[in-house]
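Good morning, colleagues. I should like to take you through one structure, beginning with a helix pair and ending with individual residues in the loops.

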Amino acid sequence: MKIGEKIKLARKRAGLTQEQLGKKIGVTGVAVMRYERGERQPKVETLLEIAHHLNVPITDFISFDEAAAMTA
């Protein structure tokens, strides 16, 4: 499962719309939609915000190795 699919699943489990999640993390609902579709990759900092607001560990979205590669 790709990052975007994992974000979408966690968002739906939290009962939030794309717009609601976007407001919580400081982006538009369209940006969240693009993350979920895999059209854009969120920065690690954004993933941390998403994980925080969805009350899940960031490792639900990416592994430690993937996070390290994203910041390199």
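Let me begin where two helices touch: in α1, the residues Ile3, Ile7, Ala10 and Arg11 meet Leu47, Ile50 and Leu54 of α4. Sorted by class, this contact of α1 with α4 comprises six nonpolar residues, no polar ones and one charged residue. Please bear in mind throughout that this is a predicted model.

Now to the geometry of that pair. Two packed helices are described by the angle between their axes and by the distance between those axes. Helix α1 covers residues 3-13 and helix α4 covers residues 44-54; they pack at an angle of about 25°, and their axes are 10 Å apart. Since angles under 35 degrees count as roughly parallel, α1 is roughly parallel to α4. As for handedness, the crossing of α1 and α4 is left-handed.

Let me place this pair in the whole chain. The protein chain has five helices and zero strands, and its pattern along the sequence reads α-α-α-α-α. Of its 72 residues, 33% count as buried. Among contacts between residues at least 6 apart in sequence, 50% join residues at least 24 apart.

Helix α1 has a further partner to consider. The axes of α1 and helix α3, which spans residues 29-37, come within 6 Å and cross at roughly 125°. An angle between 115 and 145 degrees falls outside the parallel, antiparallel and perpendicular ranges, and α1 and α3 are therefore oblique to each other. On the α1 side, the contact is made by Gly4, Glu5, Ile7, Lys8 and Arg11, and on the α3 side by Val32, Tyr35 and Glu36. By class, the contact of α1 with α3 has three nonpolar residues, one polar residue and four charged ones.

Arg11 deserves its own moment. It takes part in the contact of α1 with α4 and also in the contact of α1 with α3. Is Arg11 buried or exposed? Its relative accessibility is 6%, and because the limit for buried is under 20%, Arg11 counts as buried. Which residues does Arg11 contact, leaving aside its neighbours within four places in sequence? They are Leu16, Thr17, Gln18, Leu21, Val32, Glu36 and Leu54. In addition, the side chain of Arg11 reaches the backbone oxygen of Leu16 at 2.8 Å.

I turn now to the loops. Thr28 sits in the loop between α2, residues 18-25, and α3. With a relative accessible area of 48%, Thr28 is partly exposed. The side chain of Thr28 reaches the backbone nitrogen of Ala31 at 3.0 Å. Thr28 and Gln18 are ten residues apart along the chain, and their C-alpha atoms are separated by 8.1 Å. Gln18 has already appeared in this talk, as one of the contacts of Arg11.

The last residue is Asn55, in the loop between α4 and α5, the latter being residues 64-71. Where does the phi of Asn55 lie? It is near 60°, a positive value in a residue other than glycine. Asn55 counts as exposed, at 72% relative accessibility.

To close, I return to α1: this helix is roughly parallel to α4 and oblique to α3, and Arg11 in α1 counts as buried. Thank you for your attention.

Key
Residues numbered from 1 in each chain as written. Predicted model: local features only at pLDDT ≥ 70, side-chain atom pairs only at ≥ 80, totals over all residues. Heavy atoms only, no water. Axes fitted to C-alpha atoms, helices over the stretch in contact; angles between N-to-C directions. Helix = DSSP H or I, 4+ residues; strand = E, 2+ residues; numbered from the N terminus. Parallel < 35°, antiparallel > 145°, perpendicular 65-115°, else oblique. Left-handed = near helix turned anticlockwise from the far one by under 90°. Contact = heavy atoms within 4.5 Å. Nonpolar A, V, L, I, M, F, W, Y, C, P; charged D, E, K, R; others polar. Buried < 20%, exposed > 50% of the residue type's maximum accessible area, 1.4 Å probe, protein only. Polar contact = N/O pair within 3.5 Å; in protein donor to acceptor, adjacent residues only side chain to side chain.
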